[in-house]
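User: Please take a close look at one topic, the salt bridges and other charged side chains, and explain each term as it arises. A connected account that a first-year student can follow would be welcome.

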Amino acid sequence: MRALRYGALTVLLGLLSVPVAASADDRPAALLPFQGSQAAKVRQNVQKGLRAAEVTLVPLQRVSAVVKKTKGYAKQAAKLEASVLVRSRIRRVEGRWVADTEVRNAKGQRIKKLRTTSSTVTRLATRIVGQLMTTGQMPSATAAAAARAEPAPPTQPRIVIRPFTGAQAGKIRGSAVRGMRTEPLELFPNSQFVAKAGELGANLEADGGHVAPASALAVSGLMDGDVLHEDGIWSAYIRLVDGGSATVVSQHFYEGSTSAALAKSVRARVGTDFRKDIKKLGVVAPVAVVVVPVAAVTPTPAQATKTDKAAVTYKAKRTKEERPAAVDIEVDFRLVHRDFGYKDDLRGDLRDYTLGAGPGVGTKFQYFPGAHFTAGVGAQFGIDFEWERLFNFDSTRADGTRFPTESQQFLIGLRWRYPTGRWEPFVVADYGVHTFQFGVSGPPVPGEDNTAGIPGVKYEFARIGAGFRVGLGKKEQFVITGSAAFRGVFSVGGIGTAQWFPEAKANGMDAMLMFGYALPLGFEIRIGADYRRYWFDLNPVAPDPPYVAGGALDQYWGFSFGVAWRR
């Protein structure tokens with residue numbers, strides 16, 4: 001049943017949105033082994049889709065066997081007796097599947113390079129099939145039959161909806177097709193239009209190249225469009241072109257916050273927006289067209305209106321390469337619990353310390369400058385920065401005396417990541433400072449102790465760690481991030497002075513776990529928990545140390561709630 005649904009979907013795609021042209025060579029096509037994550041599954045699904053579209057293919061097992069023993073595309077094509085070779089590299093970038101597909105002729109020369117993106121592997125394969133069919137290189141008897149079949153004269157304006165360009169172009173075109181079905185017109189299959197153009201030798205990419213097949217098929221007009229995704233906004237320009245000339249009759253603009261919103265807007269408005277202009281085109285009669293080179297096809301002169309000029313000179317911007325996020329900024333509210341205690345306090349004159357829950361704020365910043373320009377290795381090296389501070393508060397001694405207390409931490413360093421599918425493992429190397437200090441209770445008074453009796457700390461350390469980020473759910477709306485790191489402490493602050501333990505040595509570690517929920521436009525809600533631990537070897541100095549203890553343990557539990565922006 002699943003295979004039947006897949007086949008039906010592919011055939012529907014071929015009929016509604018995919019231009020198909022018969023290959024000049026009747027030999028079969030060969031799908032070379034695909035590369036990357038889920039490559040075998042995508043290759044099998046592409047084979048199913050092409051077979052459903054009646055494309056003749058070399059069996060996959062035979063292709064794989066020949067490729068193992070034969071080097072060079074031309075030799076592989078000759079060995080397989082194939083007219084076309086297809087290979088693709090599959091990868092996962094920022095939650096989407098990306099396929100870079102090459103189409104090569106029997107001589108091994110690359111004739112097409114295609115890029116396809118989708119949220120699922122199955123849809124990715126379907127879109128690869130659609131793009132392969134648009135090349136006109138897939139050997140198929142269906143296209144040849146369509147080219148020979150002459151349609152009956154139209155009784156309503158006959159319109160061809162041509163392929164759109166840009167990200168999610170197939171999805172937006174499909175919405176335009178559905179929106180036009182309710183209008184008083186005839187939607188003519190683009191596949192048959194392309195086949196007719198091939199029969200007449202017309203170049204549909206040339207200015208006015210559509211005129212010959214449109215005249216032969218009595219097509220009143222053609223619609224095409226460009227889809228853009230810039231600064232978080234999806235937009236589309238859809239044009240209506242006169243079938244008998246290169247004149248752009250009208251153009252309309254649509255936009256939405258998501259691709260789904262854009263598709264909904266196009267479907268709801270496209271019919272009414274173009275209704276009057278299509279009616280003006282009227283019904284045309286088929287005209288016998290002499291097969292001539294494309295260069296001989298001359299567009300009918302037409303006086304351009306202001307709308308025409310804007311539409312004709314408009315060029316769709318190229319969509320950006322799928323790249324990982326360049327910026328990740330987080331701001332959160334924090335609660336920190338601290339436990340500081342000694343081990344082997346032989347004299348019993350040292351005080352432990354506990355902070356129940358100290359409130360504060362924090363921020364994290366990650367920046368990958370290369371991600372603005374590339375999706376390769378240069379996009380994976382970045383800057384790592386963290387800062388937190390507890391609000392100033394008072395610590396209370398057992399006798400009720402209060403001491404002003406403050407604490408903060410900052411980290412700065414480098415980060416490297418390796419995005420792969422839903423997972424993004426990373427490593428960090430940072431320099432950091434973490435302080436926890438006590439003030440005095442007031443001016444010094446003879447015979448009274450105005451100090452807290454607990455040493456302050458100022459940990460200066462080098463931090464080396466690793467972690468991961470993974471997206472969960474169908475659209476990866478849920479995010480989990482975890483990390484662990486070692487802190488090599490080379491300065492401990494007040495506890496390491498002559499007043500306390502001048503030979504004190506320490507090291508530390510930290511661990512973190514965060515849960516996030518993705519919102520539109522790159523925003524996320526994040527809830528996290530972290531743990532920091534420093535362990536001491538206090539090394540009391542003989543023969544008369546100020547205090548005697550074998551070691552100490554300083555622990556911090558943190559809890560955070562905040563928002564982030566990641567793009």
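Analyst: Arginine 463 counts as buried because its relative accessibility is 6%. The word buried means under 20% relative accessible area, exposed means over 50%, and partly exposed lies in between, with a 1.4 Å probe and protein chains only. Aspartate 430, at 7% relative accessibility, also counts as buried.

The model is predicted, so local features need pLDDT of at least 70 and side-chain atom pairs count only at pLDDT 80 or more, while totals for chains, interfaces and linings use all residues. Residues are numbered from 1 along each chain as its sequence is written, and side-chain values use heavy atoms, with hydrogens and water left out.

Two terms are needed next. A salt bridge is a side-chain nitrogen of Lys or Arg within 4 Å of a carboxyl oxygen of Asp or Glu. Helices (H or I, at least four residues) and strands (E, at least two) are DSSP runs, numbered from the N terminus.

Arginine 463 and aspartate 430 form a salt bridge through their side chains, at 2.8 Å from N to O. Because arginine 463 belongs to strand β18 (residues 457–472) and aspartate 430 to strand β17 (residues 426–438), this pair ties together parts that are 33 residues apart in sequence. Elsewhere, Glu94, Asp328, Glu330, Glu424, Arg469, Glu524, Arg526 and Arg566 are joined into one network by salt bridges that share partners. The structure holds 33 salt bridges.

Another of these pairs is aspartate 226 with arginine 239, whose closest N and O atoms are 2.9 Å apart. This pair links distant parts of the chain, since aspartate 226 is in strand β9 (residues 221–230) and arginine 239 is in strand β10 (residues 233–242), 13 residues apart. Aspartate 226 is buried, with a relative accessible area of 8%, and arginine 239 counts as buried at 10%.

Aspartate 100 and arginine 91 also form a salt bridge, with 3.7 Å between the closest N and O atoms. Both aspartate 100 and arginine 91 are buried.

A further charged residue, arginine 338, is described here by a polar contact, meaning a pair of N or O atoms within 3.5 Å; within protein, one atom must be able to donate a hydrogen and the other to accept it, and residues adjacent in sequence count only if both atoms are side-chain atoms. The side chain of arginine 338 makes such a contact of 2.8 Å with the side chain of aspartate 554. Arginine 338 sits in strand β12 (residues 327–343), and it is buried because its relative accessible area is 0%.

After β12 the chain enters the loop between β12 and β13 (353–367), where aspartate 344 is found. Aspartate 344 is exposed, because its relative accessible area is 56%. Its backbone also deserves attention: aspartate 344 has a positive phi of about 55° although it is not a glycine.

Leucine 521 offers a further case, with a positive phi near 65° in a residue other than glycine. Leucine 521 lies in the loop between β20 (505–518) and β21 (523–537) and counts as partly exposed at 44% relative accessibility. The C-alpha atoms of leucine 521 and isoleucine 233 are 8.8 Å apart in space, while the two residues are 288 apart in sequence.

Finally, there are charges at the surface. Arg123, Lys171, Lys474 and Lys475 form a positive surface patch. Patches are made of residues with over 30% relative accessible area and no salt bridge, with like charges joined within 9 Å and nonpolar side chains (Val, Leu, Ile, Met, Phe, Trp, Tyr) joined within 5 Å. Lys and Arg count as positive and Asp and Glu as negative, whereas His and the chain ends are not counted. The place of a charge is taken as NZ of Lys, CZ of Arg, CG of Asp or CD of Glu. Accessible areas come from the Shrake-Rupley method with a 1.4 Å probe, and for residues only the protein chains shown count as cover.

Within this patch, arginine 123 lies in helix α5 (residues 121–134). Arginine 123 is partly exposed because its relative accessible area is 45%. Arginine 338, by comparison, is buried at 0%.
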